[in-house]
Amino acid sequence: MINIDALNHVKGKSIYLDDIPEISGTLYCLPFYAETAHGRIKDVNIQAAKQLSGISAIFLAEDIPGANQIGGIIPDEPLFAANEIHYWGQPIGLIVGVSEHICRKARKLIRISFDELPVITCPREAQKLNHLIVPPRKFKIGQIDKAWSECDYIIEGTADINGQEHLYIETQGAYAWPKEGGSLYVASSTQGPTAVQRTIATVLNLPMHKIEVNVVRLGGGFGGKEDQATMWAVMAALAAQKLNKPVKISLHRMDDMCMTGKRHPYSSDFRIGLTKSLKIMAYEVIHYQNAGASADLSPAILERTLFHSTNAYYIPNVEATAWSCKTNLPPNTAFRGFGGPQGKFVIEAAIVKAAESIGVNPDDIQKANLVDNGDEFPYGQVIENAEAKHSWEECDLAFKLDEIKHKVEIFNDSNIRYKKGYAVQPICFGISFTNTMMNHARALVHIYQDGSVVISTGAVEMGQGVNTKLLQIATEIFGISPEKVRLESTNTLRIANTSPTAASAGADLNGKALEIACNTLKNRLIQVAESNFGNKEIIFCHDQIKTTDNKNQISWTALILLAFQQRVSLSEHAHYATPVIHYDKTKEKGHPFAYHVYGTAILEVTVDCLKGTYQFDSVKIVHDFGNSMNTDVDNGQIEGGLVQGIGWMTMEEILYNEKGKLISNALSTYKVPDIYSVPKEIIIRHLETIGPELAIKKSKAVGEPPLMYGLGAYFAIRKAVKSFNPLAHLAFDAPYTPEKVLMDLYRRNK
Ligand code: MTE
Ligand code: LUZ
Ligand code: MOS
């Protein structure tokens, strides 16, 4: 089935937040901030701005009727800074006026005076000063102290990895309007409608039942709207409530880039120990996470970094520590992979450094240590249905790794200006929210008396195709054509208490709830059919309900009408909670994931050693989809995730100056992959696996894992650089921008 949104997207008919027809009298709002990343507020002068004609109001912290608090995991984040400013771009108040233009004009007239405080942007520096979001976490397995003595090689190093701008095409926004009796309707571009609802309730001092949050779709989220869509919706709701008017907010790209958090930068120290036969015996790692100015989702992201610190490798002795460090940057947040990719980057760097010092290929070490059934991850989950070796072997078989290596060698021997590099990138990603409590979902299905069906779930469509998958589930169970089924918006009145659509689990959780609802309805319909046909086996297909002996048949539409006339309920609301999973934080052991997603990629790159530029020649992937329920949608996720990962590792460079001001604050200074920089060739093969029961229709979650194939981009480039400049000591410092590549190509170590 093609993506059900494809046609409307192409025609420009899909409705995003800014396309919602405006109610007359709608006001616009715009937050303002001070030109500092850390300061004590002395005075906020809004007089001149307030007097501008067209300005309706300017709200500050003191105007908030409820709590000035929007923190999701920890209550450490005000909606508006009242006394201290903790990052450049932190909202101090909200301007409301008749147009966005007039709000911008007013913003220029606001004068904020403050005392400067010291700005810290480096996580290691913050950790030394004990500026922490939460206490450190430590995952342990085996006995690391003893293990070092069994190692023939011990290699140490440091790896740095920068953040990433989400660059959803649709910037953050919301549109709120008052309803009867002090209730509010809020259209929001969010992955987490319930978080929006709950936070508005807190800030406006209202019960949650007075707030209806509605989400049609997002023009991309990528984690950037898991938590950080909330504050904009709260602002619009606050103004709508105070002024009793419809109020809209839609961030300018440069405000969005400046004011929102990004993927977390990490700085990590590692030590890896191997035997002569290249078995990794011991791995010690300390991660310093750059959390930014408040917690946001950082503690959960920190946790996933630890979960994925050993990627797809079995290591018997591990000690992994992670510090969440509070700095004067915008609070960093969820981004596809959720801390997992950062954990994986460090182990891959450790393997590459070990390979270089031992004198073998990194893929010799990678291959010798892939996880297998019965192996235990440092967090206690014992591996079942491992596909790490399987995907590696299939990848090797299909794409002939030896030939690729040989080709690269021959090329490099006969070329001076251009050098090629390659990397193999295995992945292993755990599926489930690591916070067990969040792994549940609900679905609501109505069959109308004309036989048409409408579905609501907690899943948010953000381009990943979850609605298409949900539609497939319903049409297959009912045996009806897709035209008969419609996916409704995600709405907190229809589906309550949702987890955000995140952790790649949107289709699994909401799909399973939908399956339950549809099957319940189907069983009711079977009873109606049986009352007509007698007790025979009944099948639903091609809009017909028939007995298997083909003697009786009734159309779906006729059966529904019959059921309606017999006063059978044609509506169902179902709930699903992932079984099996559990986790004990006091022991740092458990079984947090429903299953893991595996795969292996081979990336090839050509570096221009005169310019430092590079082009990816090819990325060849064998991916474990389980039994993919929609190969077009899933392949799209692989391509998108891969390119987003390559972008992060290569050209996307977030830069803050020493004062904590974002320098890369526009698309002219922050470069993302375009059609010219994507790999010339991307080949995706499906690994033949059965797929786990806990995946919807045994079709594994696909949203986040492929981003991590992109990690190989860094190491492929490094390989090419090494071939040009073999003696240089190279740091691990992603992204590997052309500037950094050029410096490394001509680096001379004494
Ligand atoms: N694909 C598109 N086109 N747009 C997005 O915003 N977000 C990614 C991934 N793929 C995203 C996407 C992220 S971060 C997640 S967690 C999953 O989709 C969420 O959707 P799912 O749980 O339905 O896979
Ligand atoms: N969000 C979350 C996530 O709250 N918990 C998770 O484990 C997670 N994992 C990936 C992406 N978002
Ligand atoms: Mo995705 S980072 O779980 O929104």
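In this predicted model, Lys248 is a buried residue, its relative accessible area being 3%. Its side chain nonetheless meets that of Glu22 in a salt bridge, with an N to O distance of 2.6 Å, and Glu22 for its part is partly exposed, at a relative accessible area of 38%. The two residues belong to distant parts of the chain, 226 residues apart, since Glu22 sits in the loop between helix H1 (6-11) and strand S1 (27-32) while Lys248 belongs to strand S12 (residues 247-250).

**Salt bridges**

The structure holds 39 salt bridges, and the pair just described is one of several that can be followed in detail. A further pair consists of Asp115 and Lys42, whose side chains meet at 3.4 Å, N to O; this pair links distant parts of the chain, with Asp115 in strand S6 (residues 111-116) and Lys42 in strand S2 (residues 39-45), 73 residues apart. Asp115 counts as partly exposed at 34% relative accessibility, whereas Lys42, at 56%, counts as exposed.

Lys680 forms a salt bridge with Asp617, the closest N and O atoms lying 3.9 Å apart. Because Lys680 is placed in the loop between helix H17 (631-650) and strand S29 (682-686), and Asp617 in strand S28 (residues 614-623), this pair ties together parts that are 63 residues apart in sequence. Lys680 is exposed, with a relative accessible area of 63%, but Asp617 is buried, with a value of 16%. Elsewhere, salt bridges that share partners join Glu100, Arg104, Arg107 and Asp255 into one network.

The three pairs are set out below.

| Pair | N to O distance | Separation in sequence |
|---|---|---|
| Glu22 and Lys248 | 2.6 Å | 226 residues |
| Asp115 and Lys42 | 3.4 Å | 73 residues |
| Lys680 and Asp617 | 3.9 Å | 63 residues |

**Nonpolar cores**

The largest nonpolar core has 150 residues, and those with the most contacts inside it are Ile272, Phe345, Phe478 and Trp556. Helix H15 (residues 506-533) gives the most to this core, contributing 11 residues. Both domain 2 (266-434 + 585-745) and domain 3 (440-577) give residues to the core, so it lies between them. When its neighbours within four places in sequence are left aside, Trp556 is in contact with Ile447, Gly451, Val453, Phe478, Ile480, Lys484, Leu525, Phe540, Asp543, Gln544 and Ile545. Apart from this core lies another, of 47 residues, which includes Leu204, Leu206, Val215 and Met462.

**Strand S17 and its partners**

Strand S17 (residues 440-447) has 6 of its 8 residues buried, and it is therefore largely enclosed by the rest of the structure. S17 runs antiparallel to strand S24 (residues 571-577), to which it is joined by 7 bridges, and within this pairing Leu444 stands opposite His573 in S24. S17 also pairs with strand S18 (residues 453-457), again in the antiparallel sense, over 5 bridges, and here the bridge partner of Val445 is Ile455 in S18. In the hairpin of S17 and S18, 5 residues lie between the strands, and Gly451 takes a positive phi near 90°. Gly451 is also one of the residues in contact with Trp556, as are Ile447 and Val453.

Note on methods: Residues numbered from 1 in each chain as written. Chains lettered and ligands numbered in written order. Predicted model: local features only at pLDDT ≥ 70, side-chain atom pairs only at ≥ 80, totals over all residues. Heavy atoms only, no water. Core = buried A, V, L, I, M, F, W, Y, C linked by side-chain atoms within 4.5 Å. Buried < 20%, exposed > 50% of the residue type's maximum accessible area, 1.4 Å probe, protein only. Helix = DSSP H or I, 4+ residues; strand = E, 2+ residues; numbered from the N terminus. Domains from an automatic or database assignment. Contact = heavy atoms within 4.5 Å. Salt bridge = Lys/Arg side-chain N within 4 Å of Asp/Glu carboxyl O. Pairing = 2+ DSSP bridges.
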